[in-house]
Amino acid sequence: DGGEVFDLEEGDSTIQSIRVLGKLLIVYKRGIIFRGDYTGGVDSSTRFQSTVTTEGAISTHAVVKVPGKHYVVGSKNVYEYTGGMQLNNIGDPIREVLFSPKRFANITQKEFIHCTYDPEQQEFLLFYPEGTVKGMRKAFRYSEQYQSWTSREYTHYFNFSNTFRSVETLT
């Protein structure tokens with residue numbers, strides 16, 4: 001313990017995403033999640049340890065930072081991650097639609113899955129591809145307030161999304 005050395009580039013998948021979570025640096029690969037703790041050492045300022053070894057991020061834009069946690073789309077489900085040793089499943093209601101072959105989503109184009117967060121509505125949005133179009137116009141929305149999922153279909157296709165904040169604050 002404490003003497004492990006991880007080459008984050010080794011393994012069965014590439015790094016999909018790196019996000020800050022409080023004072024931690026979280027590295028997402030396809031099948032594993034590493035947590036980096038700041039040590040302040042001369043030769044190595046951050047100590048990485050594997051925290052989740054059964055799941056990771058399905059694509060480079062499948063992780064979104066939210067105050068105190070990350071939302072992560074893995075290869076088996078959708079999760080909340082707080083930096084600990086386990087993931088919290090939140091995607092069970094949409095799992096069959098999103099991950100089952102020959103359903104609505106085209107999981108073979110998983111690299112197009114994008115996530116974003118609306119801080120005013122406190123909603124996590126998961127855009128997913130459908131059919132052979134290399135873009136998304138359908139999304140699942142997760143309400144933090146109601147802890148429930150809804151779906152939305154947009155008129156136009158998206159190929160990227162980003163978290164934004166309005167210039168006005170709702171009261």
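This is a short walk through the strands, the nonpolar cores and one buried lysine of a predicted model.

Okay, let's start at the N-terminal end. There's an open sheet of four strands here, ordered β1-β2-β3-β4, and the pairing is antiparallel. On the edges you've got β1, residues 15–21, and β4, residues 46–52, each of them pairing on one side only. From one strand to the next, the twist averages 25 degrees.

Inside that sheet, have a look at β2 and β3. That's residues 24–29 against residues 33–38, antiparallel, with five bridges. If you want a register marker, Leu24 sits opposite Asp37 in β3.

Now, the cores. Which residues have the most contacts inside the largest nonpolar core? Those are Tyr71, Val73, Val78, Leu98, Phe124, Leu126 and Trp149, in a core that has 21 residues. As for who supplies it, the elements giving two or more residues are β5 (63–66), β6 (69–73), α1 (92–99), β9 (114–118), β10 (123–129) and β11. The helix α1 gives the most, with four residues. And then, apart from that one, there's another core of twelve residues; Leu21, Tyr28, Tyr81 and Leu87 are among them.

Let me zoom in on Val73 for a second. Setting aside neighbours within four places in sequence, Val73 is in contact with Gly56, Ala57, Ile58, Ala62, Val78, Phe99, Ile113, Cys115, Phe124 and Leu126.

Right, on to the hairpin further along. Strand β11, residues 136–143, runs antiparallel to β12, residues 148–158, and seven bridges join them. Phe140 faces Ser151 in β12 across that pairing. Between the two strands there are four residues, and in this hairpin Gln147 takes a positive phi, near 50 degrees.

One more thing on β11, and it's the lysine I mentioned. Lys138 is in that strand. So is Lys138 buried or exposed? It comes out buried, because its relative accessible area is 19% and the cut-off for buried is under 20%. Who's around it, then? Leaving out residues up to four places away in sequence, Lys138 touches Leu126, Phe127, Tyr128, Glu130, Arg152 and Glu153. You'll recognise Leu126 from before: it was on the list of residues with the most contacts inside the largest core, and it was also one of the contacts of Val73.

Okay, that's my tour. Happy to rotate the model to anything you'd like to see again.

Definitions and conventions. Residues numbered from 1 in each chain as written. Predicted model: local features only at pLDDT ≥ 70, side-chain atom pairs only at ≥ 80, totals over all residues. Heavy atoms only, no water. Pairing = 2+ DSSP bridges. Axes fitted to C-alpha atoms, helices over the stretch in contact; angles between N-to-C directions. Core = buried A, V, L, I, M, F, W, Y, C linked by side-chain atoms within 4.5 Å. Buried < 20%, exposed > 50% of the residue type's maximum accessible area, 1.4 Å probe, protein only. Contact = heavy atoms within 4.5 Å.
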